[in-house]
Amino acid sequence: MLSLFTYWRGSILLMVIVMVLISAEYTKSYPIEDPTKGVYICMTGQLSRLELVNKVNKLIKPLHSLGYSMYIGLALATDTSHFTNINNGDKMRLTTSIRQATRKLLNVEGVVEVRHFLPQHSEEMYVNMWYKSLLDNDNSAARVTNHARQYKTLQHCNDWPNIAHLTRLTIRVRDDILFERMDVPSLVQQTLTQTTVVTATCDSWEGINDKVAFLPSSISQQFFMTPYNKYLTFDAKVPALNPEKFYRHVYTTGGLSLGNDSSLYVAKAVTERLSE
C-alpha cells in the first residue's frame, strides 16, 4: 500500500515538473512591471509562411532599445499553406514548428512571453456567395475564402486575456513580411500621441496596407474583432472587395482614425524552403 502511494505521489510530482518545463518554454520568469513600456506584437497567418529573422532585427530589437518589452502572440494556422497571390517561382521559407518559433523568440532580449493561438477554420462559413459573385475571376472562391480566413485569424489576436491592460502599444504583423525601411521611434510616437492606426503607405490599393499596423492597445479589441464581424453582415453595395479597401471601410465607419507613415516600407518575404 505504501509503495502504491509512493508511486502515485511520484507520478503526480513528475507531471507537475513536466508542466512547469513546458510552461517555461513559452514564458520568461519576469513580468513587465510598467505597462506603459509593454508592447503586444501579434503575428497572423500561417506557420508555413512565418519569417522571423527580419522581424527580430528590424522590429523587436529596436523596440527593446527604446526600453520596451514584448508579449508576442502567434495567431498562426499550423496545417495550411494558402496563397492568394504567388508567382510560380516563389518559394517560402517554412518555420518547422510552433515550438521552434517560440524558442527563437524567447531567446531575444526583451521578449517576455509567447503564446500561440490556433485559428479554428470552417471552410463552409467563409464564402459569402454574393461577395463571391462580385469577383469576376476564375479563382474567386479561393480568393474570398483567403480574405475571410485573414479576417477570422485576426480575431484570435484578441484571445490573450487583458493584453490591452498589460501593454500600451499593439503591433499586428503578417506572417510573411519583411521590414525594408522603418523609423521605429517615429512610428511609436505617431501612434501613441495621435491615437491612430498607422500603416505603411505602400501597397494600399485604394485602402490601407493589410500587412502591418501600429496602434494603441486601448483600441486593439476593436481593431482585431471588427473586420470578421463586419464581413458576416457586409453590405454588398460597398465596393470594398479586396482586404485593403475592406479594412479601410470597416475601421473608418467604426470610428477609428487611420494614418500612414512614409518611413515604413514592407515587402513580401520570398526565400528558400527551410529543410526539416
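Biologist: Why is D203 called partly exposed?

Modeller: This is a predicted model, and in it D203 has a relative accessible area of 31%. Buried would need a value under 20% and exposed one over 50%. The 31% of D203 falls in between, so partly exposed is the right label.

Biologist: What is unusual about the phi of D203?

Modeller: Its sign. Most residues other than glycine have a negative phi. D203 is not a glycine, and yet its phi is positive, about 55°. You can find D203 in the loop between β6 and β7 (212-216). T195 also has a positive phi, near 45°, and sits in the loop between α7 (184-194) and β6 (197-200). With a relative accessible area of 42%, T195 is partly exposed.

Biologist: What makes D203 and K211 a salt bridge?

Modeller: The cut-off is 4 Å between a side-chain nitrogen of Lys or Arg and a carboxyl oxygen of Asp or Glu. In this pair the closest N and O atoms are 3.4 Å apart, so the pair qualifies. K211 has a relative accessible area of 9%, so K211 counts as buried. Elsewhere, R49, R174, D175 and D176 are joined into one network by salt bridges that share partners.

Biologist: How do you know that R49 forms a salt bridge with D175?

Modeller: Their closest N and O atoms lie 3.3 Å apart, and that is within 4 Å. R49 belongs to the loop between β1 (38-46) and α2 (53-65), and D175 to the loop between β4 (169-174) and β5 (177-181), so this pair ties together parts that are 126 residues apart in sequence.

Biologist: Are R49 and D175 buried or exposed?

Modeller: R49 has a relative accessible area of 11%, so R49 is buried. D175 is buried as well, at 0%. D176 also forms a salt bridge with R49, with the closest N and O atoms 3.7 Å apart. In total, the count is seven salt bridges.

Biologist: Which residues touch the most other members of the largest nonpolar core?

Modeller: That core has 39 residues, and I41, L63 and I72 touch the most other members. Leaving aside neighbours within four places in sequence, the contacts of I72 include Y40, I41, M43 and W160. There is also a second, separate core of 27 residues, with C42, Y71, A213 and Y251 among them. In soluble globular proteins, nonpolar side chains tend to be buried together.

Biologist: How many aromatic pairs does a search of the whole structure find?

Modeller: Eleven.

Biologist: Why is the pair of Y40 and W160 called edge-to-face?

Modeller: Their ring centres are 5.7 Å apart, and rings pair if the centres lie within 6.5 Å. Planes over 60 degrees apart count as edge-to-face; here the planes are at 75°, so the name fits. Y40 is in strand β1 and W160 in the loop between α5 (140-155) and α6 (163-166), so the pair ties together parts 120 residues apart in sequence. Y40 and W160 are both buried.

Biologist: What about the rings of Y151 and Y247?

Modeller: With centres 5.5 Å apart and planes at 85°, they too are edge-to-face. Y151 is in helix α5 and Y247 in helix α9 (residues 243-253), 96 residues apart. Both are buried. One aromatic cluster includes Y40, W160, Y151 and Y247.

Terms used: Residues are numbered from 1 along each chain as its sequence is written. This is a predicted model: local features need pLDDT of at least 70, side-chain atom pairs count only at pLDDT 80 or more; totals for chains, interfaces and linings use all residues. Side-chain values use heavy atoms; hydrogens and water are left out. Helices (H or I, at least four residues) and strands (E, at least two) are DSSP runs, numbered from the N terminus. Buried means under 20% relative accessible area, exposed over 50%, partly exposed in between (1.4 Å probe, protein chains only). A nonpolar core is a set of buried Ala, Val, Leu, Ile, Met, Phe, Trp, Tyr and Cys residues joined through side-chain atoms within 4.5 Å. Contact means heavy atoms within 4.5 Å. Rings of Phe, Tyr and Trp (its six-membered ring) pair if their centres lie within 6.5 Å; planes under 30 degrees apart count as stacked, over 60 as edge-to-face and the rest as tilted.
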